[in-house]
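Please read the following report beside the sequence and the structure, which are shown here. The text takes up single residues and the chain as a whole.

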Amino acid sequence: MTEAVEQRHFIQQIIDADIESGKWGAPGDQSVITTRFPPEPNGYLHIGHAKAIFISHGMAREFGGKFNLRFDDTNPAKEEVEFVESIKHDLEWLGTNWDGEVCFASDYFGQMYDWAVELINKGLAYVDESTPEQIREMRGKVGAAGTDSPFRDRPASESVDLFAQMKAGEIENGKMVLRAKIDMASTNLNMRDPVMYRVVNTPHHRTGDEWHIYPMYDWAHGLEDSIEGVTNSLCSLEFQDHRPLYDWFIDAINKGKSEDDAIRHPQQTEFSRLSISYTNMSKRYMRQLVEENHVDGWDDPRMITLASFRRRGYTPESIKEFVVGVGVTKFNAMMDFGRLEGALRDDLNKRTPRRMAVLDPIKLVITNWGEHGDEDRVEMMDAINNPEDENAGTREIPIGKELWIERADFMIDPPKKFFRLGIDREVRLRCGYWVKCHDFKEDAEGNVTEVHCTYDPNTRGGNNPPADEEGKVRKVKGTIHWVCASDCIDAEIRLFDRLYKTEKPGKETGDHLDDLNNDSLEIRTGCKLERTFASVTPDEPVWPDGVRRFQFERTGYFCVDKDSTDGKMVFNRTATLRDSWAKKR
RNA sequence: GAGGGAUUAGUGUAAUGGUAGCACGAGGGUUUCUGAUACCCUUAGUAAGAGUUCAAAUCUCUUAUCCCUUACCA
């Protein structure tokens, strides 16, 4: 018997060691640990971002440290306030609230500028007047060294002057950049005199026209981290080659400074991104889907933005469960989309109230309902709200002579293992009565329109009838759901399938649109719902995010869509139930 | 043709020189007023090769495969 040891992932182990050695403060002090989520406000967050968020947020919370939300708004050409708001909303929805005020890279532009001037004066940076094409040319290629710019060794005073002109808006876009003086022969292309600042004469969504130069990611990011007191700058694997530059810039600022004046040197650590089968995390692809109307906006329930998952009815808890289940590694794993659905079902199964709804209705007529001249009689039945939660209670639902049942629950010529309705077959109406089929009607095309049954009054509530004289109890194999035809509401229900047909969209042809699933959306109208939906009842749980989620018995998990109006309810199918019957066939 | 990473059952992930374990999936079964859920059983793995060692998933070397890098984007 071995005792359970908590397994620590590699980032936790790094932080553990740093705390012990006192890298960031007093040895053993965990509260200094500071992480951040640094999105550029240029689009909507997707589930890949959720992984980065949960990791950084998780580390800060685990150690009792601090978690910052920082907008990396260093490129005014691509950024908008709209995205700032949606990103904040997404983080709140996920339950990963940030500490303190929201941070903006643009708040540090002044400090960064001063440091850049310091670098120039230390001979570590210079203004380059080469054209973008020339700079690209001089950078060289993989396997071949680059060449020095003719401006590389100009006097610092000249660079300082020109840099000031760039800042003042006296220089046109593309005419000059500030570059770090590192090594044009480095095997790491990022180190070949990277651009630190470029001229952008575009108003910024926060600073307006105060600035005409904007810092590049590599220059800005480490400084932002340092200014905020970030200890662990966690990012994805593609930034591994940028780490030497991240470190170089901090070291360059600290060069010649006393220990007291030196700025914090955060530790960048990289982990693998999330990939999920049948999806693509590329922002470019997503943008194309939206702009070319392959989907209905950024929150189309078939997309993988957090907004779309929210609209589809996914819970933040299930997304966290899934993402955390992937683990933190440096291996580029491909997660099965089914696993996300599994996490969702686990969560929803425990928490959703059960309801009955018929998606593809046909009529069931109970022919012996009015035997005593009371055909219009409507009885009220107790229906259990959630078998997984005994505190969820019951609700009353009506039952009468005519009901709606699912078309798929009747077969004219059923196979033996079909546990539903057919001539001479008996099933239980969930929380209703047992009914036995004796006839059916079909239209000119051969579509079944009505199923005729008799009911057994001894099975009220769906319970087993009393034993016969020999002590035998009659049993039924199947239970089907239903809705009372005289007392129900109509609704539109949207069924979603995966957006792409292939596991790796675009892998084969290079164009993800080739792999689009044209049947990913099915809109069902005229669906029949039990009347309890019409208004929010006391036995309906309140979800923190305001979404109304349900399980429709036997058909799946659904939520009320924002397109619902007073007169017409619209539901999204969040996920189906697992269906081993479908699999068998 | 360079540099940086990575590789453990079908998938994901542990084991940090000392018993290869867990979860999901899949297959089978039990229970069941959801063909759901729950429960039980089964399943299968260290990319290949060499070396060091009493002992290697773990250290070394070679090979293979995959990912990232050639923006005045982040």
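## Asn 188 and its surroundings

Setting aside residues up to four places away in sequence, Asn 188 touches Asp 241 and Pro 244, where contact means heavy atoms within 4.5 Å. The model is a predicted one, in which local features need pLDDT of at least 70 and side-chain atom pairs count only at pLDDT 80 or more, whereas totals for chains, interfaces and linings use all residues. Residues are numbered from 1 along each chain as its sequence is written, chains are lettered from A and ligands numbered from 1 in the order in which they are written, and side-chain values use heavy atoms, with hydrogens and water left out.

Asn 188 is placed in the loop between strand 5 (177-180) and strand 6 (195-199); helices (H or I, at least four residues) and strands (E, at least two) are DSSP runs, numbered from the N terminus. With a relative accessibility of 15%, Asn 188 counts as buried, a term that stands for under 20% relative accessible area, while exposed stands for over 50% and partly exposed for values in between (1.4 Å probe, protein chains only).

## The loop between strands 14 and 15

Asn 368 belongs to the loop that runs between strand 14 (361-366) and strand 15 (379-384), and with a relative accessible area of 13% Asn 368 is buried. Beyond residues up to four places away in sequence, Asn 368 touches Cys 453, Thr 454 and Tyr 455. For Tyr 455 there is also a polar approach, since a polar atom of the Asn 368 side chain lies 2.9 Å from the backbone nitrogen of Tyr 455. Asn 368 and Gly 100, which are 268 residues apart in sequence, are 68 Å apart in space, C-alpha to C-alpha.

Glu 371 is also placed in the loop between strand 14 and strand 15, but Glu 371 is exposed, with a relative accessible area of 60%. A separation of 25 Å lies between the C-alpha atoms of Glu 371 and Glu 469, which are 98 residues apart along the chain.

## Residues in helices and in other loops

Ile 227 is part of helix 7 (residues 217-228) and is partly exposed, with a relative accessible area of 34%. Apart from neighbours within four places in sequence, Ile 227 is in contact with Tyr 108, Gln 111 and Trp 115. The C-alpha atoms of Ile 227 and Tyr 108 are 8.1 Å apart in space, although 119 residues separate the two in sequence.

Met 138 lies in helix 5 (residues 132-139) and is buried, with a relative accessible area of 12%. The residues that Met 138 touches, not counting those up to four places away in sequence, include Asp 128, Gly 146, Pro 150, Arg 179 and Met 184. Between the C-alpha atoms of Met 138 and Lys 416, 278 residues apart along the chain, the separation is 76 Å.

Thr 96, in the loop between helix 3 (81-94) and strand 3 (103-104), is buried with a relative accessible area of 1%. Neighbours within four places in sequence being left aside, Thr 96 is in contact with Ile 53, Phe 54, His 57, Phe 67 and Leu 91.

Two loop residues other than glycine have a positive phi, as tabulated here.

| Residue | Phi | Loop |
|---|---|---|
| Tyr 278 | near 65 degrees | between strand 10 (275-276) and helix 9 (283-291) |
| Asn 293 | near 60 degrees | between helix 9 and helix 10 (306-312) |

Asn 293 is also exposed, with a relative accessible area of 62%.

## The chain as a whole

Chain A holds 13 helices and 27 strands. The radius of gyration of chain A is 32 Å, whereas a compact globule of 585 residues would have one near 25 Å; the radius is taken over C-alpha atoms, and the globule rule is 2.2 Å times the number of residues to the power 0.38. Along the principal axes, the C-alpha atoms of chain A fill a box of roughly 105 × 60 × 45 Å.

Of the 585 residues in chain A, 52% are buried. Among the contacts in chain A with a separation of 6 or more, 70% are accounted for by residues 24 or more positions apart.

Notes: Polar contact = N/O pair within 3.5 Å; in protein donor to acceptor, adjacent residues only side chain to side chain.
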